[in-house]
Amino acid sequence: MGGHSATGLLRPGVDPLGSAFAALLGLSLLALPLMTTRPNRIAAGTGLTAWSALPSGAVLLLGGVVALGLPLLALRAAPPLRLAAAAAILLLLGLSAGWAADHLTLPGDRYGRVSPDAGWWLAFATAALAVGDGLARLRPGPILRIALLALLVGATGLALRTGFWNNLSVLREYASRSDTFGRELRTHAVLALTSVAAAAALGIPAAILARPVPALRTGLLATLNVVQTIPSMALFGMLIAPLAWIGRAVPGAAALGIAGIGAAPAFVALLAYALLPVAAATVAGLDAVPWPVRDAARGVGMTARQRLLQVELPLALPAILTGIRIVLVQNIGLAVIAGLVGGGGLGVFVFQGISQNAGDLVLLGALPTVAMATGAAVLLDAVVDLSRGRAAERVP
């Protein structure tokens, strides 16, 4: 039971989900263009298949890894083999993007663009899902998941620092905007993190106070639920006029950065969207505390405050952290809209790219946003699992 025997590594039969992954990978790499080349950043591109876009050695290497990996995904292979096959394909796709960009970029050409096409994106997304499926089947512990995330971040950072992907079009867009990219990335992270922190500081105490009183509890959750129904762009726009008035009429407000456009409406909107998941998770977590535990705490003479701080909140912590995880991932994505109201962040590049019909500029804002959200989800998932283990130790 502790390991996989030789016969257990590959069992008879077909894995339905793995077969779908294998079919999508085969379709994307054989029937769809892998890369596209353009004479400049906004011109129409020419799609190229893998054997046209890559050097011959890279074609053989990618083809060999895919030919070995697809059967392991489609058949009922042991989870370690499935994970190894998916990870190898994912790694080769990342390397292939850099190899193709170097192969297709002419020496001294500063205007030409090489970028992944539909086949690469579909194959990469499928391989990433297959890696996730393999990890889910192996069920690694939270510490190992954090270590794997750190390894992935380190490897990606190393590739970027060494210039391996510098000839890709999205990195060329970065090179022309490197002076502003770091600032907008920090702005994006600060907006997402501070709005979630403020939501936790307001939502958790409000939920604790309202939970014992049915009318307050219903009113709080219903009011916050109404905010969730407002479309994000509409809410950002609705905040412009009142915040502009506050900035003009309230002494010192303008000095604090409160204005109709800028970071203020972005922060308030993100805070408003984050309050309901945090408050609802707090209420649900406190409701889930077993009654025998509460009775035992009363039996040893704990006051209501002691029961809350020493018993109920520690046991509710996994649910509260799950709510915080949801809103952090949500707000990292929603912070893109801040670019529309002058709040900065990675949305600046997204909306500039849309207005200029420059897809690579859109990706310059979108890809870091996706990476930040994915990293935050993995990290907080691990923290939630660790908190569950500690909460379980408190329940007799």
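Biologist: How many residue pairs are in polar contact across the interface of domain 1 and domain 2, and what makes a pair count?

Modeller: The rule finds 3 such pairs, with both residues at pLDDT 80 or more. A pair counts if N or O atoms lie within 3.5 Å; within protein, one atom must be able to donate a hydrogen and the other to accept it, and residues adjacent in sequence count only if both atoms are side-chain atoms. On the side of domain 1 that touches domain 2, β5 (113–116) and α6 (142–162) each supply at least two residues. With 5 residues, α6 gives the most to that side. These labels number DSSP runs from the N terminus: helices are H or I, at least four residues, and strands are E, at least two.

Biologist: What kind of model is this, and how are the residues numbered?

Modeller: The model is predicted: local features need pLDDT of at least 70 and side-chain atom pairs count only at pLDDT 80 or more, while totals for chains, interfaces and linings use all residues. Residues are numbered from 1 along each chain as its sequence is written, and side-chain values use heavy atoms, with hydrogens and water left out.

Biologist: Where are the domains, and how far apart are their centres?

Modeller: An automatic or database domain assignment gives domain 1 as 12–169 and domain 2 as 178–394. Their C-alpha centres lie 33 Å apart. The contact (heavy atoms within 4.5 Å) takes 12 residues from domain 1 and 14 residues from domain 2.

Biologist: How much area do domain 1 and domain 2 bury between them?

Modeller: About 1000 Å², with 64% of it on carbon and sulfur atoms. This is the accessible area (1.4 Å probe) that two parts lose on being put together, summed over both. Arg41, Arg145 and Leu149 supply 44% of what domain 1 buries against domain 2, more than any other three residues.

Biologist: Why is the pair Asp385 and Arg145 called a salt bridge?

Modeller: The term needs a side-chain nitrogen of Lys or Arg within 4 Å of a carboxyl oxygen of Asp or Glu. For Asp385 and Arg145 the N to O value is 2.5 Å, so the pair qualifies. The count between domain 1 and domain 2 is 2 salt bridges, and the whole structure has 14.

Biologist: How far apart are the closest N and O atoms of Asp15 and Arg82?

Modeller: They are 3.3 Å apart, and the pair forms a salt bridge. Asp15 is in the loop between β1 (10–14) and α1 (16–31), and Arg82 is in helix α4 (residues 79–104), 67 residues apart.

Biologist: Why is Asp15 called buried?

Modeller: Buried means under 20% relative accessible area, exposed over 50%, and partly exposed in between (1.4 Å probe, protein chains only). Asp15 has 11%, so Asp15 is buried. Arg82, at 2%, is buried too.

Biologist: Which residue in helix α5 is paired with Asp15?

Modeller: Arg137 forms a salt bridge with Asp15, the closest N and O atoms being 3.1 Å apart. Arg137 lies in helix α5 (residues 118–138), 122 residues from Asp15. Its relative accessible area is 32%, so Arg137 counts as partly exposed. Salt bridges that share partners join Asp15, Arg82, Asp133 and Arg137 into one network.
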